[in-house]
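Q: I'm new to this one and could use a quick tour. Can we go through it piece by piece?

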Amino acid sequence: MSGHGPEEIKKTVRTYLKVLGVLVVGTIVTVGASYIHFESMAMTVGLALLIASVKAGFVALYFMHLIDEKKVIYQLLGLTTFFFLGLMVLTIWASGDKPMNTVMP
Amino acid sequence: MEVPYTVENRPDTGLYNAKVGIWLFLASEVMLFGALFSSYILLRVGALEGHWPTELLNVPIGTVNTMVLILSSVTVVMAWASLKLNDFEKFKMYQLATVICALMFVLIKSYEYRDKFTHHDVVLADGMRVDGHLVEETDEYIVLSHPVSYPAVKGIGYRPTAIKEAEHGDDHHHAEDRKIMLADIVKRTTWGPWANTYFAIYFTLTGLHALHVIAGALVIAYYWGPGSKMWKTNPEQFTNRIEVSGLFWHFVDLVWIFLFPILYLL
């Protein structure tokens with residue numbers, strides 16, 4: 001975070017409290033949405049992950065100060081995102097070869 | 001020898017070294033949890049239709065724990081902001097609040113774990129499965145409270161469905177207590193990580209996360225207590241240390257934000 005003057009910090013503190021509100025509302029919406037019955041499982045999973053991603057985004061941007069960070073951190077996280085997405089895509093890609101019946105009665 | 005760039009920024013990165021270090025560490029943590037999340041995906045999509053357990057975890061308790069962790073994320077960043085505003089007393093207050101939140105999270109999680117470890121699941125010789133909390137055990141029999149019974153072939157995850165069926169008057173026992181003779185039991189287990197792959201991945205993911213909570217809480221508690229002496233000798237380096245420990249704590253919060261819906265709600 002680049003701006004560290006007292007006024008800047010006081011303004012940031014107000015932002016933290018707003019983000020707290022967003023996270024609390026996000027959690028309530030997540031729980032509420034789980035009671036909605038969607039026809040497709042993909043829709044249910046997609047909605048839950050979308051809300052979780054929005055909440056995670058607020059934490060990363062404001063609490064972890066990624067909204068105003070140095071270039072080297074973005075480069076590092078870009079590389080991490082690439083490998084993380086690669087891991088997930090490869091997993092989903094390999095789901096055709098998935099081990100069947102992973103939960104035995 | 002003095003460790004360089006603990007306060008001033010390195011000319012090439014524009015950051016003090018500890019900050020680059022913690023982000024590199026967090027990048028490795030993303031891959032660690034990513035590997036476990038991908039394991040979860042494979043287990044989930046590989047389970048036979050209707051065999052992946054749902055509704056076995058307590059959603060209200062999980063929601064409270066989520067709120068506790070969110071609150072701790074705010075207190076940890078407020079502690080750092082207080083130091084930036086030169087208010088050491090407020091820093092101490094927020095830092096202590098974070099430690100209390102961490103303890104609450106671990107205590108609530110321990111309660112949930114205990115609930116699962118004392119939940120017994122038995123398969124009877126007649127092909128039925130009975131599960132419930134163990135209230136009494138002798139050499140001849142066990143007594144389970146709030147037992148639910150259903151065909152063993154249905155699997156552990158069938159319990160919530162069996163309860164709903166019992167409420168609609170179907171043929172499932174849902175009495176207050178049930179005495180089961182040991183001679184009638186073919187297989188007996190508890191809802192630990194050994195019960196099935198659902199509980200294995202649940203305990204692995206939440207257990208690893210809980211270890212991170214404990215480790216983070218220890219560091220934060222240290223800087224609230226003995227480590228806070230540094231504020232008098234080197235306030236800038238101390239503030240940087242608080243920022244770095246805070247970044248780790250936010251990551252712990254981020255992981256839980258995804259764990260909660262995946263394990264409790266889906």
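Q: Let's start with helix 2 and helix 3 of chain B. In which hand do they cross?
A: Left-handed: that is how helix 2 of chain B passes helix 3 of chain B. Bear in mind that this is a predicted model.

Q: How many Å apart do the axes of helix 2 and helix 3 of chain B come, and at what angle do they cross?
A: They come within 8 Å and cross at roughly 160°. Helix 2 covers residues 59-84 of chain B.

Q: Are those two roughly parallel or roughly antiparallel?
A: Roughly antiparallel. Angles over 145 degrees count that way, so helix 2 and helix 3 of chain B qualify.

Q: What sort of residues make up the contact of helix 2 with helix 3 in chain B?
A: The split is 17 nonpolar, 6 polar and 3 charged.

Q: Now helix 5 and helix 7 of chain B. Where do they sit in the sequence?
A: Helix 5 spans residues 197-224 of chain B, and helix 7 spans residues 235-265 of chain B. Their axes come within 10 Å, crossing at roughly 155°.

Q: What does that make their directions, roughly parallel or roughly antiparallel?
A: Helix 5 of chain B is roughly antiparallel to helix 7 of chain B, because of that crossing angle. The crossing of helix 5 past helix 7 in chain B is left-handed.

Q: Which residues meet there?
A: From helix 5 of chain B, they include B:Tyr202, B:Leu205, B:His209 and B:Val213. From helix 7 of chain B, B:Phe248, B:Trp249, B:Val252 and B:Trp256 are among them. The residues of this contact between helix 5 and helix 7 of chain B divide into 14 nonpolar, 5 polar and 1 charged.

Q: Zooming out, how is chain B divided?
A: Into domain 1 and domain 2. Domain 1 of chain B takes 17-116 + 196-265, while domain 2 of chain B takes 118-190.

Q: How many Å apart are their centres?
A: The C-alpha centres of domain 1 and domain 2 of chain B lie 35 Å apart.

Q: And how many residues are in contact between those domains?
A: In chain B, 11 residues of domain 1 are in contact with 7 residues of domain 2. On the domain 1 side, helix 3 (residues 88-117) of chain B gives the most, with 3 residues. That side of domain 1 of chain B has 4 nonpolar, 3 polar and 4 charged residues.

Q: Switching to chain A. What's its secondary structure?
A: Chain A has 3 helices and 0 strands. Along the sequence, the pattern of chain A reads α-α-α.

Q: What share of chain A is buried?
A: Buried residues make up 16% of its 105 residues.

Q: How many residues does each chain bring to the contact between A and B?
A: Chain A brings 42 residues and chain B brings 50. On the chain A side, helix 1 (6-34), helix 2 (41-63) and helix 3 each supply at least two residues.

Q: Which helix of chain A gives the most to that side?
A: Helix 1 of chain A, with 12 residues. The chain A side divides into 28 nonpolar, 11 polar and 3 charged.

Q: One last residue: A:Gln75. Buried or exposed?
A: Exposed: A:Gln75 has 10 other C-beta atoms within 10 Å. A count of 12 or fewer is what makes a residue exposed. A:Gln75 is found in helix 3 (residues 71-93) of chain A.

Q: How far is A:Gln75 from A:Gly26?
A: Their C-alpha atoms are separated by 29 Å. Along the chain, A:Gln75 and A:Gly26 are 49 residues apart.

Conventions: Residues are numbered from 1 along each chain as its sequence is written. Chains are lettered from A and ligands numbered from 1 in the order in which they are written. This is a predicted model: local features need pLDDT of at least 70, side-chain atom pairs count only at pLDDT 80 or more; totals for chains, interfaces and linings use all residues. Domain bounds come from an automatic or database domain assignment. Two residues are in contact if their C-beta atoms, placed from the backbone, lie within 7 Å. Helices (H or I, at least four residues) and strands (E, at least two) are DSSP runs, numbered from the N terminus. Ala, Val, Leu, Ile, Met, Phe, Trp, Tyr, Cys and Pro count as nonpolar, Asp, Glu, Lys and Arg as charged, and the others, Gly among them, as polar. Axes are lines fitted to C-alpha atoms, for helices over the stretch in contact, and angles run from 0 to 180 degrees between N-to-C directions. Angles under 35 degrees count as roughly parallel, over 145 as roughly antiparallel, 65 to 115 as roughly perpendicular and the rest as oblique. A crossing is left-handed if the near helix is turned anticlockwise from the far one by less than a right angle, and right-handed if clockwise. A residue is buried if 20 or more other C-beta atoms lie within 10 Å of its own, exposed if 12 or fewer, and partly exposed in between; C-beta atoms are placed from the backbone.
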